[in-house]
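Hi there,

Here is the structure I promised to pass on, with my notes on it below. I hope they make a useful starting point when you open it up.

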Amino acid sequence: MGVESGIPCIDFSNLADLVEGSEGWKSLCKQVREACESFGCFQVVYDQVPVKLHEELLMGSKELFDLPNEIKEKNVSSKPYHGYIGKIKEVPLYESLGVHDAPNLDQVEAFVDLMWPNGNPAFCQALNSMAKKIQKLEGIVRKMIFQNLGVEDYYDSHMKSSDCIFRVMKYNAPRSDDSAVGLQAHKDKNILTILYQDIHGLELLSPGGEWFQVLPKPGTFTVFAGEALMAWSNGRIQAAKHRVIMQGEKDRYSYAFFSAPKGGAPVETPKELVDDDHPLLFRPFDYMDFLRYYQANPRLDNSLEIYAGAV
């Protein structure tokens, strides 16, 4: 395991290492767990996604954000943070759109038809293909975490009770010599986030309390553990605080796959992860209710502890 930009960088490029039960697999499992326990975040080299696909999706993303606001605002959802987000006073440089269950082609087609009534098959294909490939990577990472925690028996049911949303994001350049906040410091609320960024801007808060840049590298994703996973693991996995700081004259594009519990599926710590040395930290809770609570109280730095803390 190397260290890039201050966080672990784990190499998934050797397919033999991804054979479950192999020595390479066991080594990667250990690296993933250590990264999640210490940082709540790591970079992963994953060359199963062609460079051309990244380029096609980024090109399509630029076309998407160039659409009129009234078109983008049709991307609505009853779920918090699932639809269009933009024109927010606190983060004026940021806007994003979400596609629920993007590995499902029907869902992507419905989104694309909403944005482009005359169609955009190239973007549709690129987004759906990317979502499928990242979903596979997310499943690998989650299985490694579960195996190393000794709760692999929960993996299948956990995956079946999970949902996902694919978000495409744009950060407008401040176009000045001064840096500006692209996205405020926060911890993701979901299970796992797998992010790709085209230029720098992402920053992570280190365990020592210092901010540092997470620099983009071709073929490399950044993986974040979210607070739903932190609660489920009884605090063994950390959720990383991160932000986006913009500088210069170039707009920044990124996209991310967010896995999360389905509505109605409780976030509940397995009994195997609770003992005298590890008392229960969080009560069982409904993820969507927690997300709505956070949406109503976005300035709370410890929303999970307040909402579901066991003490």
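Let me begin with a hairpin. Strands S9 and S10 form it, with 5 residues between them, and Gly209 in the turn has a positive phi of about 90°. Please keep in mind throughout that this is a predicted model. The two strands of the hairpin pair in the antiparallel sense over 3 bridges. If you want a contact to look at, Glu203 has Gln213 in S10 as its bridge partner.

**The sheet around that hairpin**

The hairpin belongs to an open sheet of 4 strands, in the order S7-S12-S9-S10, with antiparallel pairing. S7 (180-187) and S10 (211-213) are the edge strands; each has a single partner strand, so one side of each is left without a neighbour in the sheet. From one strand to the next, the twist averages 25°.

On its other side, S9 (residues 202-205) pairs with S12 (residues 241-246), again in the antiparallel sense and over 3 bridges. Here Leu202 has Val244 of S12 as its bridge partner.

**S4, S5 and S6**

A second hairpin joins S4 to S5 through 2 residues. These two strands pair in the antiparallel sense over 3 bridges, and the bridge partner of Ile88 is Val91 in S5. S5 then runs antiparallel to S6, with 7 bridges joining them; Ser96 is matched with Met169 of S6 in that pairing. S5 is mostly covered, with 8 of its 10 residues buried.

Glu90 sits in the loop between S4 and S5. Is Glu90 buried or exposed? With a relative accessible area of 41%, Glu90 falls in between and counts as partly exposed. Glu90 is also 152 residues away from His242 in sequence, while their C-alpha atoms are 16 Å apart in space.

**The largest pocket**

You will probably want to look at the largest pocket, which holds about 1,200 Å³ of space. It is lined by 47 residues, and the closest to its centre are Tyr81, Leu183, His186, Asp188 and Tyr294. Which elements each supply at least two residues of this lining? They are S4 (85-88), S5 (91-100), S6 (162-171), S7, S8 (192-197), S12, S13 (252-261) and helix H8 (287-296). Sorted by class, the lining of the largest pocket has 26 nonpolar, 9 polar and 12 charged residues.

**The cavity**

There is also 1 cavity of 30 Å³ or more, and the largest cavity has about 30 Å³ of space. Its lining is made up of Leu195, Tyr196, Gln197, Pro216, Lys217, Thr220 and Thr222. S8 and S11 (220-225) each supply at least two residues to the lining of the largest cavity, and S8 gives the most, with 3 residues. By class, this lining has 3 nonpolar, 3 polar and 1 charged residues.

**Two backbone angles to check**

Most residues other than glycine have a negative phi, so two places may catch your eye. Lys87, in strand S4, has a positive phi near 55°. Asn234 has a positive phi near 60° and lies in the loop between helix H7 (227-232) and S12. What is the relative accessible area of Asn234? The value is 4%, and a residue under 20% counts as buried, so Asn234 is buried.

**What the record says**

Finally, the annotation. UniProt places the feature "domain: Fe2OG dioxygenase" at residues 160-261, in an unreviewed entry. In the model, the end C-alpha atoms of that span lie 9 Å apart, and residues 160-261 are 7% helix and 52% strand.

If you have only a few minutes, I would start with the S9 and S10 hairpin and its turn at Gly209, then go to the largest pocket and the residues closest to its centre, among them His186 and Asp188.

Happy viewing, and best wishes!

Conventions. Residues numbered from 1 in each chain as written. Predicted model: local features only at pLDDT ≥ 70, side-chain atom pairs only at ≥ 80, totals over all residues. Heavy atoms only, no water. Pairing = 2+ DSSP bridges. Axes fitted to C-alpha atoms, helices over the stretch in contact; angles between N-to-C directions. 1 Å grid on protein atoms, 1.4 Å probe; cavity = no way out; pocket = protein on both sides within 12 Å on 5 of 7 lines; lining within 4 Å. Points joined across faces, edges and corners; volume = space filled by probe spheres on them. Nonpolar A, V, L, I, M, F, W, Y, C, P; charged D, E, K, R; others polar. Buried < 20%, exposed > 50% of the residue type's maximum accessible area, 1.4 Å probe, protein only. UniProt positions renumbered as here; feature names shortened; annotations may be inferred.
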